Amino acid sequence: VQLQAFGGGLVQPGGSLRLECAVSGLPNRAYTLGWFRQAPGKEREFVVATGRRTYYSDSVKGRFTMSRDNAKDMVSLQMNSLKPEDTAVYYCAASPYYGASVFSPIKFDYWGQGTQVTVSS
C-alpha cells in the first residue's frame with residue numbers, strides 16, 4: 001500500500017492551497033481516507049476523513065473541503081482562508097474503520113510521507 005501526498009507550500013494568511021494524495025494498493029475501496037496534521041511539538045491532529053460520510057474537525061469546518069475520486073485513486077484537500085495555526089505537516093492516511101473511530105490516528109493503518117504547509121506573512 002502506498003499513499004503519496006503532495007501540494008504543500010508557503011502561503012499567506014487568508015490564502016488557499018490544494019493538497020492531493022495518490023493512493024495505491026489498498027485491499028478494497030471501502031477504506032476510509034483521511035487527512036491529519038502535526039505541528040512542531042504537538043500531537044498528530046485529525047483534520048478530515050471520508051468513508052460512508054465525511055467528518056471535519058471543528059477547526060477547519062467551512063474552510064477545508066475533502067474530495068475523493070475513486071476512479072483515479074486520489075483524494076484532495078482544498079484549504080481556503082488559511083490561518084497561521086494551520087501550519088503543520090499534513091498526512092493522508094487510510095483506515096478500515098468507519099464512524100467516530102476515524103478521529104483517532106491509531107485507527108489508520110497506512111500513511112503517506114507528509115507534506116509541509118506553512119501559513120505566514
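## Strands and a starting point

Strands here are DSSP runs of E that span at least two residues, and they are numbered from the N terminus. With that in hand, we can start at Leu-77, which lies in strand β8. Please keep in mind throughout that this is a predicted model.

Is Leu-77 buried or exposed? Its relative accessible area is 0%, so Leu-77 is buried. Setting aside residues up to four places away in sequence, Leu-77 touches Leu-17, Arg-18, Leu-19, Trp-35, Val-47, Val-48, Phe-64, Thr-65, Met-66 and Tyr-90. Gly-9 is 68 residues from Leu-77 along the chain, and the C-alpha atoms of these two are separated by 13 Å.

## The nonpolar cores

Leu-77 also turns up in a wider picture. The largest nonpolar core holds 27 residues, and those touching the most other members are Trp-35, Val-47, Phe-64, Leu-77, Met-79 and Tyr-90. Which strands supply at least two residues each to this core? They are β1 (2-6), β3, β4 (32-38), β5 (45-50), β7 (64-69), β8 (74-79), β9 and β11 (115-119).

Phe-64 deserves a look of its own. Leaving out neighbours within four places in sequence, Phe-64 is in contact with Arg-37, Val-47, Tyr-56, Leu-77, Gln-78, Met-79, Asn-80, Leu-82, Asp-86 and Tyr-90. There is also a second core, separate from the other; it has 7 residues, among them Phe-46, Ala-49, Tyr-55 and Phe-108.

## The disulfide

How many disulfides does the model contain? The count is 1, and this disulfide joins Cys-21 to Cys-92 with an S to S distance of 2.1 Å. In general terms, a disulfide is a covalent bond between the sulfur atoms of two cysteines. The link of Cys-21 and Cys-92 is right-handed, with 60° about the S-S bond. This pair ties together distant parts of the chain: Cys-21 sits in strand β3 (residues 17-24) and Cys-92 in strand β9, 71 residues apart.

Both ends are hidden from solvent by the usual cut-off, under 20% relative accessible area. Cys-21 has 0% relative accessibility and therefore counts as buried, while Cys-92, at 1%, counts as buried too.

## Strand β9 and its partners

Cys-92 brings us to β9, a mostly covered strand in which 7 of the 8 residues are buried. β9 runs antiparallel to β4, and 7 bridges join the two. Within that pairing, Phe-36 has Tyr-91 of β9 as its bridge partner.

β9 has further antiparallel pairings. With β11 there are 3 bridges, and Ala-88 has Val-117 in β11 as its bridge partner. With β10 there are 2 bridges, and here Ala-93 stands opposite Trp-111 in β10.

## Aromatic rings and arginines

The model has 8 aromatic pairs. One of them is formed by Tyr-55 and Phe-103, an edge-to-face pair with 5.3 Å from centre to centre and 85° between the planes. The two rings come from distant parts of the chain, 48 residues apart: Tyr-55 belongs to strand β6 (residues 54-56), and Phe-103 to the loop between β9 (88-95) and β10 (110-111). Tyr-55 has a relative accessible area of 17%, so Tyr-55 is buried, whereas Phe-103 counts as partly exposed because its relative accessibility is 38%.

Tyr-55 and Phe-103 both belong to one aromatic cluster, together with Phe-36, Phe-46, Tyr-91, Phe-108 and Trp-111. Arginines join the rings as well. Arg-44 lies over the face of Tyr-91, 3.8 Å from the ring centre, and Arg-52 lies over the face of Tyr-98, 4.0 Å from the ring centre.

## Positive phi in the loops

Most residues other than glycine have a negative phi. Against that background, two residues are worth a look on your display. Asp-73 is not a glycine, yet its phi is positive, about 55°. Asp-73 is placed in the loop between β7 and β8, and at 33% relative accessibility Asp-73 counts as partly exposed.

Where does Ser-81 lie? Ser-81 is in the loop between β8 and β9. Ser-81 is likewise not a glycine and has a positive phi, about 50°. With a relative accessible area of 41%, Ser-81 is partly exposed.

Definitions and conventions:
Residues are numbered from 1 along each chain as its sequence is written. This is a predicted model: local features need pLDDT of at least 70, side-chain atom pairs count only at pLDDT 80 or more; totals for chains, interfaces and linings use all residues. Side-chain values use heavy atoms; hydrogens and water are left out. Rings of Phe, Tyr and Trp (its six-membered ring) pair if their centres lie within 6.5 Å; planes under 30 degrees apart count as stacked, over 60 as edge-to-face and the rest as tilted. Helices (H or I, at least four residues) and strands (E, at least two) are DSSP runs, numbered from the N terminus. Buried means under 20% relative accessible area, exposed over 50%, partly exposed in between (1.4 Å probe, protein chains only). A charge sits over a ring if NZ of Lys or CZ of Arg is within 6 Å of the ring centre and within 35 degrees of the ring normal. A disulfide is a pair of cysteine sulfur atoms within 2.5 Å. A nonpolar core is a set of buried Ala, Val, Leu, Ile, Met, Phe, Trp, Tyr and Cys residues joined through side-chain atoms within 4.5 Å. Contact means heavy atoms within 4.5 Å. Two strands pair if DSSP finds at least two bridges between them.
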